[in-house]
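Colleague: Got a minute to go through this model with me? I'd like to start with how far to trust it and then look at the contacts.

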Amino acid sequence: MAATTATEKLKVRDLTIRYGDTVALNGASFEVYENEIFGVIGPANSGKTSFLRAINRMDEMTSNMHVSGEVLFNGKDVSHWRNLYALRSRIGVVFPLPVGLPMSIYENVAFAPKLRGVRGAELDEIVERCLTRAALWDEVKDRLKSLGSLLSGGQQQRLTIARALSQEPELLLLDEFSIAVDPVTTMRIEDVLKELKEEMTIILVTNLVQQARRLADRTAFFLNGEVVEVGDTAELFTRNAQDQRTTDYVEGRFG
Amino acid sequence: MLEDRIDLAWVVDRITQGVVFVGGVSAILFVIAIFVFIAQQGLGFAIFELDKGVFFTSPAWRPTSEPEPQFGALALMAGTASVTGFAMLVSVPFSLGAAIYIGEFATGRTREFLKVLVELLAAIPSVVWGFIGLTIMNPLIIEVFDVPVGLTILNAGVILGLMAAPIMTTIAEDALKAVPEGYREAAEAMGATRWQVIRQVVLPSAKNGLVAAVLLGVGRGFGETMAVLMASGHAINLPTSPFDSVRALTATIAAELGETARGSEHYKVLFSLGILLFIVTFVINLLADVLVRGRKGKRA
Ligand SMILES: Nc1ncnc2c1ncn2[C@@H]1O[C@H](COP(=O)(O)OP(=O)(O)OP(=O)(O)O)[C@@H](O)[C@H]1O
Ligand SMILES: [Mg+2]
């Protein structure tokens, strides 16, 4: 794709993330373009989740997490946003293990719009639209009032996706969303993501290299806190990778 | 190697089991013994001889008057209820506020310091609290409100409220801590402010534990004796304002039991008061327990 002409949604410059003495990410620099799906792959502990947490300043909730360098969101360093809540409301996050908030299915999806002051029929409409997009509406439309935490793991994960969409985010961060979801549903959600990128930028952290291959326009390979390589997904997966380690990883020779 | 042999670990395990069993059973036996003793001393009297109509509706507590002693406990119940009620007015907002601050906002050293402080507060003996009521609160109330006596519902309520605060704070904070961190993270990630997260996510999901905390505080207030005896004025009275002196059930038992002849009517009626207290605190604790269990059950 014509990535070089696209606008930069996110620009990471010399991003270093530490937990105490552990360096989780070391001097990462790359861009994520508007309306692309940006894949992040890499073995366990390579710093993928830490990277996502730095974007919406979740480090402020983690006592020993320290972030240095820059994360420019729409050209402005996230740490310079005075209204942290406004920043976060524009970024949707889906965590690896689904966390259904302890309230009804409806309230889960209505939570973020309500923070914006949306009420009444408009709220109903948002809830239905987001649940539909997350491929959950048909299964829950008759039990919207029951507790979100009573859904199955896979349903809860789709609930958290619906919840993230209800924010109408500019940037959607997905952290291994398919961990708790069955393959068929995963495929349905993947189709939704392909549509969603018309409206938003998506960063897809995944342990499944084939998922990145299927979805991502460009992909970054993280290894032990180092960004080994960032490039067009097609390049990375066709032995045209710059770095031998990338080829080894995508071909399943380690990790 | 895998033969069926009795080894040291097996013996130790058996002995430990035995010791724990004896410990557990004797604790239960003591409780039952106390219960049986109280029931034996007062239950028969309470059921067959005591005039319940008078006991529950008459404010006249004249256990030693001749020839016709009167055993109306209404004023005493009103005393206990009013002091406990006032104490909760003081204690609930104070404790929940403290728990929210300690659990949700304070970090690192501040948090540890506050927790230690709360535990220290819990360690102050009740006679010291009574002493504070008598020597500090009493003149203060007289001064500030320009009333003749300061040993009143207000005084005992504040003292009792402060006494109940540590346990309420501790249990409430436990309840907040039991709310999974993921809830807060998920809500905050959506752009909710700290206060929105607390109000809309944390408090609702900690609700049972918080109610249990309040109930345990109420139980503490009901059962407290010495401080109430010292700070409430110990006057038999159906109160109409916080500036009235009252007398509590517990204080009555403590003050009078030593002067009664064992087996006398007066002696037995004091045990009836004890049974009443026992039932009320038992029900409160049971409720709290059920709620705490409910909370744990829901998380599992
Ligand atoms: N809260 C924390 N405290 C201390 N160290 C942490 C914390 N979170 C992550 N780390 C460390 O930071 C490094 C990177 O972790 P991170 O979670 O970002 O990896 P990841 O690529 O998401 O791994 P996975 O694929 O297993 O999810 C690891 O060494 C991890 O142990
Ligand atoms: Mg991770």
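Modeller: Sure, let's take confidence, then the interfaces, then a couple of backbone details.

Colleague: What are the overall scores?

Modeller: Keep in mind that this is a predicted model. The ipTM is 0.87 and the pTM is 0.82.

Colleague: And what's the average pLDDT for chain A?

Modeller: Chain A averages 91, and 98% of the residues score at least 70.

Colleague: Where in chain A is confidence lowest, and where is it highest?

Modeller: The low end is helix α10 of chain A, residues 244-250, with a mean of 89. The high end is strand β8 of chain A, residues 201-205, at 97.

Colleague: OK, what about chain B?

Modeller: The average for chain B is 91, with 97% of the residues at 70 or above. Confidence is lowest in helix α12 of chain B (residues 265-299), which has a mean of 83. It is highest in helix α3 of chain B (residues 74-105), at 95.

Colleague: Why do you bother looking for the low spots?

Modeller: Because predicted coordinates shouldn't be read in detail where pLDDT is low.

Colleague: Fair. How many helices and strands does chain B have?

Modeller: Chain B has twelve helices and two strands. Starting at the N terminus, two helices come before the two strands, and the rest of the run is helical.

Colleague: What does chain B span?

Modeller: The C-alpha trace of chain B covers about 80 × 60 × 35 Å along its principal axes.

Colleague: Now the interface. How many residues of each chain are in contact?

Modeller: On the chain B side there are 16 residues, in contact with 20 residues of chain A. About 1600 Å² is buried between the two chains, and carbon and sulfur atoms give 71% of that.

Colleague: Which residues of chain B lose the most area there?

Modeller: Glu185(B), Ala189(B) and Met190(B), which together make up 39% of what the chain B side buries.

Colleague: How many salt bridges between the chains?

Modeller: The count is two. Glu185(B) comes up again here, forming a salt bridge with Arg53(A), where the closest N and O atoms are 3.1 Å apart. There are also two residue pairs in polar contact across the interface of chain B and chain A.

Colleague: Which elements of chain B are doing the touching?

Modeller: The ones giving two or more residues to that side are α7 (181-189) and α8 (194-205) of chain B. α7(B) gives the most, with seven residues.

Colleague: And by class?

Modeller: The side of chain B that touches chain A has seven nonpolar, six polar and three charged residues.

Colleague: Switching to chain A on its own, what domains does it have?

Modeller: The assignment gives domain 1, made of 1-89 + 200-255, and domain 2, 91-168. The C-alpha centres of these two domains of chain A lie 26 Å apart.

Colleague: How many residues are in contact between them?

Modeller: Eight residues of domain 1 of chain A are in contact with five residues of domain 2 of chain A. The area buried between these domains is about 580 Å², with 66% from carbon and sulfur atoms.

Colleague: Which domain 1 residues lose the most area?

Modeller: Asn56(A), Ser89(A) and Met200(A) do, together 49% of what the domain 1 side buries.

Colleague: How many salt bridges or polar contacts there?

Modeller: Between domain 1 and domain 2 of chain A there are zero salt bridges, but three residue pairs are in polar contact. Helix α2 of chain A (residues 84-89) gives the most to the domain 1 side, with three residues. That side divides into five nonpolar, two polar and one charged.

Colleague: Last topic: which peptide bond is cis?

Modeller: The one from Glu66(B) to Pro67(B), with omega near 0°. Pro67(B) is in the loop between β1 (61-62) and β2 (70-71) of chain B.

Colleague: And which residue has a positive phi without being a glycine?

Modeller: Asn45(A), at about 65°. Asn45(A) is in the loop between β3 (37-41) and α1 (48-55) of chain A.

Colleague: Why flag those two kinds of feature?

Modeller: Because most peptide bonds are trans, and most residues other than glycine have a negative phi.

Terms used. Residues numbered from 1 in each chain as written. Chains lettered and ligands numbered in written order. Predicted model: local features only at pLDDT ≥ 70, side-chain atom pairs only at ≥ 80, totals over all residues. Heavy atoms only, no water. Contact = heavy atoms within 4.5 Å. Buried area = accessible area lost by both parts, 1.4 Å probe. Salt bridge = Lys/Arg side-chain N within 4 Å of Asp/Glu carboxyl O. Polar contact = N/O pair within 3.5 Å; in protein donor to acceptor, adjacent residues only side chain to side chain. Helix = DSSP H or I, 4+ residues; strand = E, 2+ residues; numbered from the N terminus. Nonpolar A, V, L, I, M, F, W, Y, C, P; charged D, E, K, R; others polar. pLDDT = per-residue confidence, 0-100. Domains from an automatic or database assignment.
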